[in-house]
Amino acid sequence: MKKLLLVSFWMLTAVSIHAQEGLKIGIQAGLPFDDFNPVTDIVLGADLGYMFALNETLDLGLSVGYIHGFPETFKSGAAQLDLPSIAFLPLATSLRIWTSNSFSFGGKLGYALGINDGNDGGLYYRPIIGYLMSSKTEINISYTGIKLENSQWSTITFGIQYTFDSGRSLHKPR
């Protein structure tokens with residue numbers, strides 16, 4: 001647990017020190033399917049990251065996030081079964097390719113630390129398609145996959161992301 005806190009603190013500090021062009025914060029909501037669909041009702045998440053513009057069409061960065069799966073409640077007569085929440089802390093690298101002035105695709109790849117009891121985490125990947133609504137606001141749709149030891153966490157999410165910068169858009173029009 002100490003390692004988890006240390007890594008999380010380092011990631012947040014490293015991203016926050018350079019809080020100029022490219023600091024991004026996002027939120028997303030989605031639905032689970034596959035292995036966790038029967039026990040998880042809805043998924044909410046948040047991301048904090050920093051993207052470096054390598055050129056006019058390619059961005060590379062780091063991100064840390066939080067994913068929370070809210071459990072289904074099963075009720076039968078007087079008996080009620082309350083399942084635990086499922087939570088992850090993804091640490092990842094990010095890549096974005098801009099195909100036009102407004103559309104992008106890319107993803108995140110890393111490791112999602114499991115932060116609830118009995119959750120060891122696993123390989124984290126999140127392909128993303130985004131649409132830039134303004135120079136600072138993007139909407140996106142993504143798939144989140146976490147390969148666990150004996151199961152697969154899979155969700156489809158819709159999100160919004162805001163970029164804090166020094167007056168310039170990370171994406172430069174051609």
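Me: Which strands each supply at least two residues of the lining of the largest cavity?
Reply: In this predicted model, the strands that do so are β1 (23-34), β2 (40-53), β3 (58-71), β6 and β7. Strand β2 gives the most, with four residues.

Me: What makes this space a cavity, and how much space lies in the largest cavity?
Reply: A cavity is a set of points where a 1.4 Å probe fits but cannot get out. About 140 Å³ of space lies in the largest cavity. Of its 18 lining residues, Lys24, Met51, Ser94, Lys108 and Gln161 are the closest to the centre. By the same rule, four cavities of 30 Å³ or more are counted.

Me: How do the residues of this lining divide into nonpolar, polar and charged?
Reply: The lining of the largest cavity holds six nonpolar, six polar and six charged residues. Lys counts as charged and Met as nonpolar.

Me: What makes a pocket something other than a cavity, and what is the volume of the largest pocket?
Reply: A pocket is an open set of points, whereas the probe cannot get out of a cavity. The largest pocket has a volume of about 270 Å³. Its lining has 17 residues, and Phe36, Gly118, Asn119, Leu148 and Ser151 lie nearest the centre. This lining divides into seven nonpolar, seven polar and three charged residues.

Me: What do the eight strands close into, and in what order?
Reply: They close into a barrel, in the order β1-β2-β3-β6-β7-β8-β9-β10, with antiparallel pairing. On average, neighbouring strands of this sheet are turned by 25 degrees against each other, direction ignored.

Me: How do you know that β6 and β7 pair?
Reply: Pairing needs at least two bridges. Strand β6 (residues 86-98) and strand β7 (residues 103-114) have eleven bridges, in the antiparallel sense, so the condition is met. One of the bridge partners in β7 is Gly107, which is matched with Leu95.

Me: Where is Ser102 found, and why is it called partly exposed?
Reply: Ser102 is in the loop between β6 and β7. The partly exposed class begins where buried, under 20%, ends. The relative accessible area of Ser102 is 21%, so Ser102 is partly exposed. The C-alpha atoms of Ser102 and Leu132 are separated by 4.7 Å, although these residues are 30 residues apart along the chain.

Me: How many aromatic pairs does a search of the whole structure find?
Reply: The search finds six.

Me: Why is the pair of Tyr125 and Tyr143 called tilted?
Reply: Ring centres must lie within 6.5 Å, and planes that are neither under 30 nor over 60 degrees apart count as tilted. Here the centres are 6.0 Å apart and the planes stand at 35 degrees, so the pair is tilted. Tyr125 lies in strand β8 (residues 122-132) and Tyr143 in strand β9 (residues 137-147), so the pair ties together parts that are 18 residues apart in sequence. Ring pairs link Phe33, Tyr125 and Tyr143 into a cluster. Tyr125 is partly exposed, with a relative accessible area of 27%.

Me: What makes the aromatic pair of Tyr162 and Phe164 edge-to-face?
Reply: Planes over 60 degrees apart count as edge-to-face. For Tyr162 and Phe164 the angle between the planes is 75 degrees and the distance is 4.9 Å centre to centre, giving an edge-to-face pair.

Me: Are Tyr162 and Phe164 buried, partly exposed or exposed?
Reply: Buried means under 20% relative accessible area and exposed over 50%. Tyr162 has 33% and so counts as partly exposed. Phe164, at 40%, also counts as partly exposed.

Key. Residues numbered from 1 in each chain as written. Predicted model: local features only at pLDDT ≥ 70, side-chain atom pairs only at ≥ 80, totals over all residues. Heavy atoms only, no water. Axes fitted to C-alpha atoms, helices over the stretch in contact; angles between N-to-C directions. 1 Å grid on protein atoms, 1.4 Å probe; cavity = no way out; pocket = protein on both sides within 12 Å on 5 of 7 lines; lining within 4 Å. Points joined across faces, edges and corners; volume = space filled by probe spheres on them. Buried < 20%, exposed > 50% of the residue type's maximum accessible area, 1.4 Å probe, protein only.
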